[in-house]
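User: I would like to go through this model with you. Could you take my questions one at a time?

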2 protein chains.
Amino acid sequence: MNKHISEQYDIELSQIKELLMEMGGLVEQQVTQACASLIAHDTQLAEQVQDTETRLNQFEVELDDQCVSIIARRQPTAGDLRIVVSVMKAITDLERIGDEADRIAKMALSLARTELPSDRYADFRTMSEKVSRMLTRALDAFARLDIESALRVIQADEEIDTSYNAFVRHSIGAMRDKPDEIENSINVIWAARALERIGDHAKNISEYVIYQVKGLDVRHSGNPDIDD
Amino acid sequence: MNKHISEQYDIELSQIKELLMEMGGLVEQQVTQACASLIAHDTQLAEQVQDTETRLNQFEVELDDQCVSIIARRQPTAGDLRIVVSVMKAITDLERIGDEADRIAKMALSLARTELPSDRYADFRTMSEKVSRMLTRALDAFARLDIESALRVIQADEEIDTSYNAFVRHSIGAMRDKPDEIENSINVIWAARALERIGDHAKNISEYVIYQVKGLDVRHSGNPDIDD
């Protein structure tokens, strides 16, 4: 009987991680499509991203509920508790990444109305590819509890910050040359800013990997067999 | 003996809420000082905000640990669990508000180098006062579990979004007129954007009040006496 309960418990823990990965996959797709819609002035794709945002929000609420339910019914400790806490924190980051993708889609819709030359987006495209890779790596690291990969994501975040700052400086120069295009330039900067934030969230997700694997403090609960 | 344990448990639950309020007070101060430093070109104050940021990050880690420790040792359910979960979520929002205050301080330092006329900041000042009030109200609502107050904060967030959009439109006009000041204008826009995000976080904190008081789902754990 106890074995049965324990198996069921393990299944529940796996399930929240699987659901998180499913949510992560959807978020990755949102980011990719939002960036593609901006670069290609594809309003239909941008609207699709905005529609999918609602599904992501539902995902957040449901998954959050499952985590709280596991805490209430299973009363996890040690490593199990770290899994649940990490999943709960990662949910918030994924939802926020979804918000940023939504912002990029909004900028895409504004920009599509103005028909700018597409070479303007070269830097944005490069940055978006870096950030997408970072997000994928962060999710993989979370799924496989791969600390090395998580550390690489944390390092990559600094690169993104550098790219972003260069991007803004470059855009400011462009705005001075063409004051008529200020509004559009600002919209592209907003989108780049959203990418920079997505990088921050990917970094957060990687930090939870380290917390799950190394998990320190807290667990001086005096229970010797919590070291699973 | 059981009564003693239960009293101790209640004390621990009160403690995390008190610590959260303490952290909230520090965050409020950071926001106020960051905005003041920007408006007054006070570099010393801006640097002080940046120094205090480290203390906030420590606060986050410590308080987070205490929450996880309560879950592990006390295995809270129902209302108690909702308190711990809400505090954990609010910690993240407070820490992010601290990040935004830090960003405002950074912009203050950039702007102080350029000596702009201070009437430029009138709209920023108005927005900062609104956002500060919103944050204070959100923290009060959390402390007193005041749903009405929480709902008012959630409504106020829409006003902030409107002010922010007007602010950006106005700034874009100003940039067209004075291309030399584009960089400074963008810095003020960044600071306003940070305020808008602070409003979002204050809204999140208010939503946790509603979750704590009304707390739904989750708690179909089949335990009849969890309805405390």
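Analyst: Certainly. Two residues are taken to be in contact if their C-beta atoms, placed from the backbone, lie within 7 Å. Please keep in mind that this is a predicted model.

User: With that in mind, how many residues of chain A are in contact with chain B?

Analyst: On the side of chain A, 22 residues are in contact with 22 residues of chain B.

User: Which helices of chain A supply that side?

Analyst: Helix H2 (43-74), helix H3 (78-112), helix H5 (147-177) and helix H6 (182-214) of chain A each supply at least two residues of the side that touches chain B. The largest share comes from H2(A), with six residues. By class, this side of chain A has eleven nonpolar, five polar and six charged residues.

User: What is the secondary structure of chain A?

Analyst: Chain A has six helices and zero strands, so that its elements, read from the N terminus, run α-α-α-α-α-α. The C-alpha trace of chain A spans about 70 × 30 × 20 Å along its principal axes.

User: What percentage of chain A is buried?

Analyst: Of the 228 residues in chain A, 41% are buried. As for contacts in chain A between residues at least 6 apart in sequence, 82% join residues at least 24 apart.

User: Let us turn to H4(A). Which of its residues are buried?

Analyst: The buried residues of H4(A) are Phe124(A), Met127(A), Ser128(A), Val131(A), Met134(A), Leu135(A), Ala138(A), Leu139(A), Ala141(A) and Phe142(A).

User: Is there a general point about helix geometry to recall here?

Analyst: An α-helix has 3.6 residues a turn, so residues three or four places apart point the same way.

User: What span should the 23 residues of helix H4 of chain A have?

Analyst: At 1.5 Å a residue, helix H4 (residues 122-144) of chain A should span 33 Å, and its end C-alpha atoms are 33 Å apart, which agrees. H4(A) is followed by Leu145(A), whose phi is positive, near 50°.

User: Now chain B. How do H2(B) and H3(B) cross?

Analyst: The axes of helix H2 (residues 43-74) and helix H3 (residues 78-112) of chain B come within 9 Å and cross at roughly 165°. Because angles over 145 degrees count as roughly antiparallel, H2(B) is roughly antiparallel to H3(B). The crossing of H2(B) and H3(B) is left-handed. By class, their contact has 16 nonpolar, four polar and five charged residues.

User: And the loop between H2 and H3 of chain B, which residue there has a positive phi?

Analyst: Gln75(B) lies in that loop, and its phi is near 45°, a positive value in a residue other than glycine. Gln75(B) is partly exposed, with 16 other C-beta atoms within 10 Å. Ala78(B), in helix H3 of chain B, also has a positive phi of about 45° although it is not a glycine. Ala78(B) has 17 C-beta neighbours inside 10 Å and therefore counts as partly exposed.

User: What is the usual sign of phi?

Analyst: Most residues other than glycine have a negative phi.

User: One last topic: is Ile5(B) buried or exposed?

Analyst: Ile5(B), in helix H1 (residues 2-40) of chain B, is exposed, because 10 other C-beta atoms lie within 10 Å and the cut-off for exposed is 12 or fewer. Ile5(B) and Pro179(B) are 174 residues apart in sequence and 67 Å apart in space, C-alpha to C-alpha.

User: What about Glu47(B)?

Analyst: Glu47(B) lies in helix H2 of chain B and counts as partly exposed, with 14 C-beta neighbours inside 10 Å.

Key. Residues numbered from 1 in each chain as written. Chains lettered and ligands numbered in written order. Predicted model: local features only at pLDDT ≥ 70, side-chain atom pairs only at ≥ 80, totals over all residues. Helix = DSSP H or I, 4+ residues; strand = E, 2+ residues; numbered from the N terminus. Buried ≥ 20, exposed ≤ 12 C-beta atoms within 10 Å, placed from the backbone. Axes fitted to C-alpha atoms, helices over the stretch in contact; angles between N-to-C directions. Parallel < 35°, antiparallel > 145°, perpendicular 65-115°, else oblique. Left-handed = near helix turned anticlockwise from the far one by under 90°. Nonpolar A, V, L, I, M, F, W, Y, C, P; charged D, E, K, R; others polar. Expected span 1.5 Å × (residues − 1).
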